[in-house]
Amino acid sequence: MSEEVNRDGEQIDDTEEVVVNEADKQGFLLKIATGGITVQDYVKRLEENDILIAIDGKPYLDGPQRLRSTFLQEHDEESKWLLTFYRDGIVFDILIDHPIKSAFGYATEKETEFVLDAFKKHTFGDFQSYENYEIYRDKNGKCDILSFSPDPLAWMIPPLWLLKYRLFPPLAAVAVVYLITFVINIYLFIATAIVLAIYINRAQNNLMRSFTMFDDKYHYMTIAGTNEQEVSLLVKRIDPKNKIRYEKNVIKKRVEVKKTIAKEIEDSSS
């Protein structure tokens, strides 16, 4: 973050961003600092200037120094937290299984008030039903939404699992292997089918990721939701150009104009 304050907590330049070098100030939301994002948070596609609103549905206003203590858990408890962020007019959730490591500064008072007002409109489902969905997007805005919940079809009937997720190149390879081994020897076919079922079941996440990127798509966002339809609507709100591939129920795109948070605050005040 580019701004500094003096020992009395007063700003020494004319930017609106709030930074403190003293004890945590309570009552302000936290914003990921410029240059402060870590690799493990970047992998989840968090970005600089994302504003952290809430942890497990409760607004967090206790400052960066106390943030780590909120992630402390007993050793026998599952480590998983649902974080709520604000970015470019959109409130979204993400699940993490390790404490967030990025450096934080403070949002301004106006930003805090504005984002908390937006958060009041944000609804939550059953916390136990949330999972992360990875969104992969190509340069034309065509998106794939990947869920990594274990699918038993991957080991029960691998070809059907490959067909379900439209992984056609590995499906063709598996079909050829089945055909060749069946012609050679029935026992070889059975042994090969078992080995392929074990492999595909264990590698299903990597297969979906790799063949999505093979289709010239890149990791666009990670969003936590209770179902794919919920995530699909949010992806379209983030950018009206986004289109969900293979979506059955086509939803008309809303015309949205992206604004900076400062512009949104100015418009709401006027």
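**Exercise 1. Find which helix gives the most to the nonpolar patch, and describe that patch.**

Helix H7 gives the most to the nonpolar patch, with five residues. Keep in mind as you work that this is a predicted model. Now list the members: Leu179, Phe182, Val183, Ile186, Tyr187, Ile190, Ile194 and Ile198 form the patch on the surface, and together they have about 860 Å² of accessible area. Next, assign them to elements: those that give two or more residues are H6 and H7. Finally, take one member as a check. Isoleucine 190 lies in helix H7, and its relative accessibility is 42%, so isoleucine 190 counts as partly exposed.

**Exercise 2. Classify the ring pair of phenylalanine 28 and tyrosine 106, and place both residues in the chain.**

Start with the total: the count comes to 11 aromatic pairs. For this pair, the ring centres of phenylalanine 28 and tyrosine 106 are 6.2 Å apart and the planes stand at 80°, so the pair is edge-to-face. The cut-off you need here is that planes over 60 degrees apart count as edge-to-face. Then look at the sequence: phenylalanine 28 is in the segment before strand E1 (30-32), while tyrosine 106 belongs to strand E6 (residues 104-106), so the pair links distant parts of the chain, 78 residues apart. Last step: both phenylalanine 28 and tyrosine 106 are buried.

**Exercise 3. Do the same for tyrosine 178 and phenylalanine 189, and decide for each ring whether the residue is buried or partly exposed.**

The geometry comes first: with centres 5.6 Å apart and planes at 70°, the rings of tyrosine 178 and phenylalanine 189 make an edge-to-face pair. Tyrosine 178 sits in helix H6 (residues 168-184) and phenylalanine 189 in helix H7 (residues 186-202), 11 residues apart. For accessibility, recall that buried means under 20%. Tyrosine 178 has a relative accessible area of 16%, so tyrosine 178 is buried. Phenylalanine 189, at 23%, counts as partly exposed.

**Exercise 4. Look for a ring cluster and for charges over rings.**

For the cluster, follow the ring pairs: they link Phe119, Phe124, Phe127 and Tyr130. For the charges, check the arginines. The charged end of arginine 45 sits over the ring of tyrosine 42, 4.7 Å from the ring centre. Likewise, arginine 209 places its charged end over the ring of phenylalanine 148, 4.3 Å from the centre.

**Exercise 5. Summarise the whole chain.**

Count the elements: the protein chain has 10 helices and 10 strands. Of its 270 residues, 41% are buried. To finish, turn to the surface: the accessible area is about 16,100 Å², with 55% belonging to carbon and sulfur atoms.

Conventions. Residues numbered from 1 in each chain as written. Predicted model: local features only at pLDDT ≥ 70, side-chain atom pairs only at ≥ 80, totals over all residues. Heavy atoms only, no water. Phe/Tyr/Trp six-rings, centres within 6.5 Å; stacked < 30°, edge-to-face > 60°. Helix = DSSP H or I, 4+ residues; strand = E, 2+ residues; numbered from the N terminus. Buried < 20%, exposed > 50% of the residue type's maximum accessible area, 1.4 Å probe, protein only. Lys NZ or Arg CZ within 6 Å of the ring centre and 35° of its normal. Areas by Shrake-Rupley, 256 points an atom, 1.4 Å probe, with all protein chains shown as cover. Patch = residues over 30% accessible without salt bridge, like charges linked within 9 Å, V, L, I, M, F, W, Y side chains within 5 Å. Salt bridge = Lys/Arg side-chain N within 4 Å of Asp/Glu carboxyl O.
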